[in-house]
Amino acid sequence: MTRRIEWIHGWLLLTPALVLLFAFTHVPAVKTIIDSFFSTPRGARPATFVGTANYEFLLNDATFWRVLENNALYALVTIPVSIALAIAMALWVDGKLKGRGFVRMAYFAPTVLPLIATANIWMFFYTPGFGLIDQVRALFGGAQVNWLGDPQLVLGAVMVVAIWKEAGFFMIFYLAALQSIPPSLREAAAIEGASRWTFFRRVTFPLLMPTTLFVSINAVINAVRLVDHIFVMTEGGPDNHSSLLLYYIYETAFKFWDTAYASTLTVVVLAILSVLAIGQFHLIDRRVHYR
Amino acid sequence: MSILKKAGMLAGAAALGAMLSTSAQAVELQFFFPVAVGGKAAQTIEDLTNDYVKANPDVTIDAVYAGSYQDTITKTLTAVRGGTPPQLSVILSVDMFTLIEEDAIVAFEDVIEDGADQAWLDAFYPAFMDNSTTGGKTYGIPFQRSTPVLYWNKEAFAEAGLDPETPPANWEEQVEFGKKLTKRDADGNVTQWGVRIPSSGFPYWLFQGLTTQNDVILANDAGNETNFDDPKVIEALQYLVDLSTKHEVMQPGIIEWGATPKAFFEGQTAMMWTTTGNLTNVRENAPFDFGVGMLPAKVRPGAPTGGGNFYIFKDSTDAQQKASLDFIKWISAPEQAARWSIATGYVAPRPDAWETPAMKEYVEGFPQAKVARDQLEYAVAELATYQNQRITTILNDALEAAITGQKDPKTALDEAQAQADRILSAYR
Amino acid sequence: MTARSLSAGIGRSVDYDRLLNSLGAWALALIWFLPLIYALWTAFHPGEFATRFDPLAPLTLDNFARAWEAAPFARYFLNTVLLVTFILVGQFVLCTLAAYAFARYRFPGSSILFTLVLLQLLVMPDILIVENYATMRMLGLVDTIAAIGLPYIASGFGIFLLRQTFMTVPKELEEAARVEGAGPLGVMLKVYVPLAKPTYLAYGLVSVSHHWNNFLWPLIVTNSVETRPVTVGLSVFSAVDQGIDWSIITAATLMTSGPLLIAFLLFQRQFVQSFMRAGIK
């Protein structure tokens, strides 16, 4: 096969995917940046170039800063916790355990159930007074807690739902990785008398590293993308204490009809993700070469 | 890109042309409607539409159930911007300014012809028309309209030594009753609250009940000036905050709207403020005797209105606009309005609808249905401004900040007013 | 099997540790299962027991009947099935072709293009809702099932995953196939695709469960019964003025997610085995 033909074949194979990829990811990303320098067209008034006016508005937008802070905190908690839980789940389900099938299904169930529906159930759990959590607390003489109605508690409450939703999904990746670890390694470790914990720390965890990287990318994505439960449980309230960036973008674009400012907010999210992407590409690159 | 846009517009024009050519024989109307209450609402609208088409064979109506109010305005604005708007639609009354700003709708005065039509316009409850007119012109016709009322648990009232037939008449009584109704267990934990005014999602609506009672309006008729920092508004917010913090008769923090009826059924609260749209729900599910009353008064009784209006869209032919008007006139006529009200719990928007035999019979069997109508005398327009969703969000955030103790009422409302001014100054 | 040999080697001292682990695993499983238990409880009992857990509460199917009547769930369900199938087939075809190109072809710009593909792992269409909505409007695709699916078909995740798998396929197999006269596509279909079966299965599972439950983008781009997937249908149906009716919502949830849950229950062993096979090879 000549080189020229190889080029053409390569390009032909790529074309369909690239067309869609550019149409719905790269071009819109660039257009978003352009739109953020224009005003929102309304009725008869077309969009006009406004320079950095949208960005100036953003800097003075207290809601934006609040939402940014929420999302940072949300990511910092949900990512490590759901990954740690996913590893624990995978180890448990991979090992010898009574009722393993049920346990595995229980962990995975949240992935299969639509968050938009289960968020309603969580809302019942969190309802003060007659909600499940309060009913259980009442057995021990606990007072009512307004989980979703208290700005100090609400972000934590929605984080729990996100972790519940995600850990089982990540578990699947770890399960696959665990099962590709050669049994001979464990046997060798067992002969040397290594404890399970030592084995995990020295052998399993390092071998899971590529999976952890991969899962962490997914976790970062979900920390930005997964806002379904916000729609149902809090609508971002009280006073934006549970609002996340994507929810705020949705509100701005499809409730306030301010598409220019929504683009500006999107640019910020894209910038943050790009920085993360560059960092993670280095790690992925290493992994690829490693193989 | 612009070529594609043009192509889109051409396609729109072609579609419009196709509609024009068929309008020689029959007028085709597309009609978007939302459903915000469960049950038979969608079915009733479809039945009404079919009845109309049967009686008017020269008109065809494509009635499209567009989802929630939010879905409907989104779908409509998308269609307007794409050059293929519906001919008529039911949309929130507070979206009037948005629709005007998008240059999407026409005033009814520009479509009606004679004095009889004018008389028809004048026959709706003025409280509902407040949200339907601006600058002396009528843009919306009240259809699925509601208003908040007070529901109380008669058994809980009797247990607390209160007259089960008498709800609190004013703010002070609401607190006084609330204190008697709030029950605590041995640990001091509350098992039943006195009153519940939900504050999640759209707290401004019920809050507007309080401000109206304190005799202050939140925005002007032109929709370009708000009043959030008025001392009377601050006083109203202070009262709302005090219910939980000072008087301890209401659960602290944000109270979920969606869980409110259930909390009432479960005896978590002895009184609740919620929409008349809940009448049927409460009647079917409350395991105790309940009463429905007007919201308690302060300086005066008062409540906001809510719900959706009919709008006629600009980008239609004269024949289509005439046909739309005729359909709206028919569906809002007394018999149809009564049928709609009985099926859904919405408030029939015209006094003459309440005089129909069907309505009289309904009210006789279920006198609670009358409360909303009687309250209309004191009702005011729901908060509506230009950039409506953004302005109400600003107010909602301020209310939530005060209710959760993040800010005191004055600071929260002063800040909200400043933010609203910044946005609305462009419209003055 | 390996676990048994491990415990035999380490001896008695780990038993305590094992017990704690089992307890932890079970406790977590119960917490994780709780929402589903609640859904089952509420859906099969009359409304007044939605918040009261009385073991003697009567059973009923009424909630399912009411949910079924209240919204066109059959149609929503069909829309979701169509959507998920469309996305999955599209992803398999496009991602396989692209992954094969990246794994086995050398051509100018391949590393830049691969970087652009990887970029989509983070700059995903879900964030670009404003622009993608404008694009769909321009294409006249708003309120179609195609519009819900199109942005996801060229999946960076899928391309990446398949490329990684394809790269582990020994070149000798490819050469053997070429000797037998297979062209580039033939090699792909006969050698690479069969060897990547576990990856397809794993990716398919992920994709189906994701798009079955995706909400925000379909919410924005659909607005009629004919296109609305189950998630959007559920949200329209639960967001009414009268407040939340948990009985009917849980019934609707079970009705619409039941098939997926049962499928996972039935096939979970196969899923895990396919992962295992992938691992052993």
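**Predicted complex of chains A, B and C**

Over residues 105-125 of chain A, the chain is 90% helix and 0% strand, with 21 Å between the end C-alpha atoms; helices here are DSSP runs (H or I) of at least four residues and strands are runs (E) of at least two, numbered from the N terminus. The structure is a predicted model, in which local features need pLDDT of at least 70 and side-chain atom pairs count only at pLDDT 80 or more, while totals for chains, interfaces and linings use all residues. Residues are numbered from 1 along each chain as its sequence is written, and chains are lettered from A and ligands numbered from 1 in the order in which they are written.

The span 105-125 is one of those that UniProt, in an unreviewed entry, marks as "transmembrane region" in chain A, alongside 72-93, 153-178, 199-221 and 260-284. Such annotations may be inferred rather than shown by experiment; their positions follow the numbering used here and feature names are shortened. Residues 199-221 of chain A are 100% helix and 0% strand, and their end C-alpha atoms lie 31 Å apart. The unreviewed UniProt entry also lists "domain: ABC transmembrane type-1" at residues 68-278 of chain A. That span is 76% helix and 0% strand, with end C-alpha atoms 20 Å apart.

The contact between chains A and C takes 85 residues from each, two residues being in contact if their C-beta atoms, placed from the backbone, lie within 7 Å. On the side of chain A, helix H1 (residues 3-35) gives the largest share, 20 residues. This side of chain A has 58 nonpolar, 17 polar and ten charged residues, where Ala, Val, Leu, Ile, Met, Phe, Trp, Tyr, Cys and Pro count as nonpolar, Asp, Glu, Lys and Arg as charged, and the others, Gly among them, as polar.

Chain B is divided into domain 1 (2-145 + 307-380) and domain 2 (148-305 + 384-427), with bounds from an automatic or database domain assignment. The domain centres, taken over C-alpha atoms, are separated by 30 Å. Domain 1 of chain B contributes 28 residues to the contact and domain 2 contributes 23. Helix H16 of chain B supplies the largest share of the domain 1 side, five residues.

The predictor gives the complex an ipTM of 0.87 and a pTM of 0.89. Chain C averages a pLDDT (the predictor's confidence in each residue, from 0 to 100) of 84. Within chain C, the mean is lowest in helix H1 (residues 2-10), at 45, and highest in helix H7 (residues 145-153), at 95. Where pLDDT is low, the predicted coordinates should not be read in detail.
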